Amino acid sequence: MLKSVYNWVDERLDITPIWRDVADHEVPEHVNPAHHFSAFVYCFGGLTFFITVIQILSGMFLTMYYVPDIINAYASVEFLQTKVAFGQIVRGMHHWGASLVIVMMFLHTLRVFFTGSYKAPREMNWVVGMLIFFVMIGLGLTGYLLPWDNKSYFATKVTLEIANSVPVLGPIIKELLQGGTIVGAQTLTRFFAIHVFFLPAVLLILLVGHFIMIRRQGISGPL
Amino acid sequence: MSNQHDQHESSHRPPNRRKEMSRRQFLTYTLGGATAYMAGGVVLPMLRFAVDPVLHKKTEGNFVKVVEVSKITDEPQEFSFELHQQDGWYASTASLTAWIRKDESGKIYALSPICKHLGCTVGWNNDKGFPNEYHCPCHGAQYTKDGKNLAVAPKPLDEYKVKIDKDWVYLGDIVPNTRAK
């Protein structure tokens, strides 16, 4: 059944080469945990991506209930977490996944560093990876404010004070991020916009670049 | 399957190979199954989360005290009352109106002023061109005293559930019209 549907589409659009290009490639022995168990360290990049996909999905679903407004934000989070079926699970995925993305990304970075995979000809991919790292940190920072509880409020205050300590430009950066002179209504909407529209868009573009480059250049050789 | 069968057919079929699963197929099923399981584990909670409003049990609305029985006349009169409603995390009071009268046999009934055409608000005798009718200003729907649809609207006006207690009229949920024939 599935096969005949696939064949029907394939006859007309010739889709096989498209997914072959994406999926059909040799996994070298030195990155295959079935050959050398220690090669599991090569999984961290893929795991980061896997969790990123979960983050995007769970985030999309959370916005069905969440409102970025200082009066209702906390109440809406409490509602979706306590009153909606699987609310605790879906928010749990987003909450724990956020930390896990950072952990996996860090492990991936360590693997790339210690296998020397950042060296020529892969320097550009290292740079793109670093940009992804900063975007992820930005996502973590902006997402942290959204529940609008005491912890997120003061964490954001601290972060903005850190931004404020940048020489010369500090106060401008702080006010720009804050959207005003206090951490308040405008900060929340601003962080929400950055968290769900701007940074994810940048992230997806960077990820595409990251993946195109790894496919072009292949995985770095064994140590 | 049965060996007997195989022996009969063995002359023109490769022996024993017939029902065996190829290694490729086994791996395809195993990996596909594992992937589907993981994807399901991720996506199903989110889908349940999203469809939750549809699956919530509808609670029976409370009756709200609206007006003394003595104030109800044969002529429909508009009364407003406030309904406390909890919409997700947001609690509010909705202001509702009802057109209440008693019929020839003295039975009190209350019509909802929400037009059954496209949801505007109708009024009794609100248009000189349509005396003694409910009329909707949006597209000219007309209804009788009982709420029966005369023009434009496809259905009669809805009714409120009515309860009389200690000389007060209480109104409850909106239900389909029971009077219009």
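**Figure 1. Chain A, helix after helix.** Going from the N terminus, the elements of chain A in this predicted model read α-α-α-α-α-α-α-α-α. That makes a tally of nine helices and zero strands for chain A. The C-alpha trace of chain A spans about 55 × 50 × 35 Å when laid along its principal axes. Of the 223 residues in chain A, 24% are buried. How do the contacts in chain A spread along the sequence? Taking those between residues at least 6 apart in sequence, 66% join residues at least 24 apart.

**Figure 2. The buried side of α4 in chain A.** This view picks out helix α4(A), which covers residues 73–82. Which of its residues are buried? Ala73(A), Ser76(A), Val77(A) and Leu80(A) are. These four sit on the same side of α4(A), because they cover an arc of only 100° around the axis. As for what they pack against, the partners of the buried residues of α4(A) are α3 (44–62), α5 and α9 (185–217), again in chain A.

**Figure 3. α5 alongside α6, within chain A.** Here the partner of α5(A) is helix α6(A), residues 123–145. Their axes come within 11 Å and cross at roughly 160°. An angle over 145 degrees counts as roughly antiparallel, and α5(A) and α6(A) are therefore roughly antiparallel to each other. The crossing itself is left-handed. On the α5(A) side, the contact is made by Ala98(A), Val101(A), Ile102(A), Met105(A), Thr109(A) and Val112(A). Facing them from α6(A) are Trp126(A), Gly129(A), Phe133(A), Met136(A), Gly140(A) and Gly143(A). Sorted by class, the contact residues of this pair come out as eight nonpolar, four polar and no charged.

**Figure 4. α5 of chain A meets α2 of chain B.** Now for a helix pair across the two chains: α5(A), residues 87–114, and α2(B), residues 23–55. The two axes come within 9 Å and cross at roughly 125°. That crossing angle makes α5(A) oblique to α2(B). In handedness, α5(A) passes α2(B) in a left-handed crossing. Which residues make the contact? From α5(A) there are Gly87(A), Ile89(A) and Val90(A), and from α2(B) there are Pro45(B), Met46(B) and Phe49(B). Five of these residues are nonpolar, one is polar and none is charged.

**Figure 5. The whole contact of chain A with chain B.** Pulling back from the helix pair, the contact takes 16 residues from chain A and eleven residues from chain B. Which element gives the largest share of the side of chain B that touches chain A? The answer is α2(B), with eight residues. By class, this side of chain B has eight nonpolar, one polar and two charged residues.

**Figure 6. Lys145 in a loop of chain B.** Lys145(B) lies in the loop that links β7 (142–143) to β8 (149–151) of chain B. Buried, exposed or in between: where does Lys145(B) fall? With 19 other C-beta atoms within 10 Å, Lys145(B) is partly exposed, since being buried takes 20 or more. For a sense of distance, take Pro53(B) as the reference point: Lys145(B) is 92 residues from Pro53(B) in sequence and 36 Å from it in space, C-alpha to C-alpha.

Note on methods. Residues are numbered from 1 along each chain as its sequence is written. Chains are lettered from A and ligands numbered from 1 in the order in which they are written. This is a predicted model: local features need pLDDT of at least 70, side-chain atom pairs count only at pLDDT 80 or more; totals for chains, interfaces and linings use all residues. Axes are lines fitted to C-alpha atoms, for helices over the stretch in contact, and angles run from 0 to 180 degrees between N-to-C directions. Angles under 35 degrees count as roughly parallel, over 145 as roughly antiparallel, 65 to 115 as roughly perpendicular and the rest as oblique. A crossing is left-handed if the near helix is turned anticlockwise from the far one by less than a right angle, and right-handed if clockwise. Two residues are in contact if their C-beta atoms, placed from the backbone, lie within 7 Å. Ala, Val, Leu, Ile, Met, Phe, Trp, Tyr, Cys and Pro count as nonpolar, Asp, Glu, Lys and Arg as charged, and the others, Gly among them, as polar. A residue is buried if 20 or more other C-beta atoms lie within 10 Å of its own, exposed if 12 or fewer, and partly exposed in between; C-beta atoms are placed from the backbone. The arc is that of the directions from the helix axis to the C-beta atoms.
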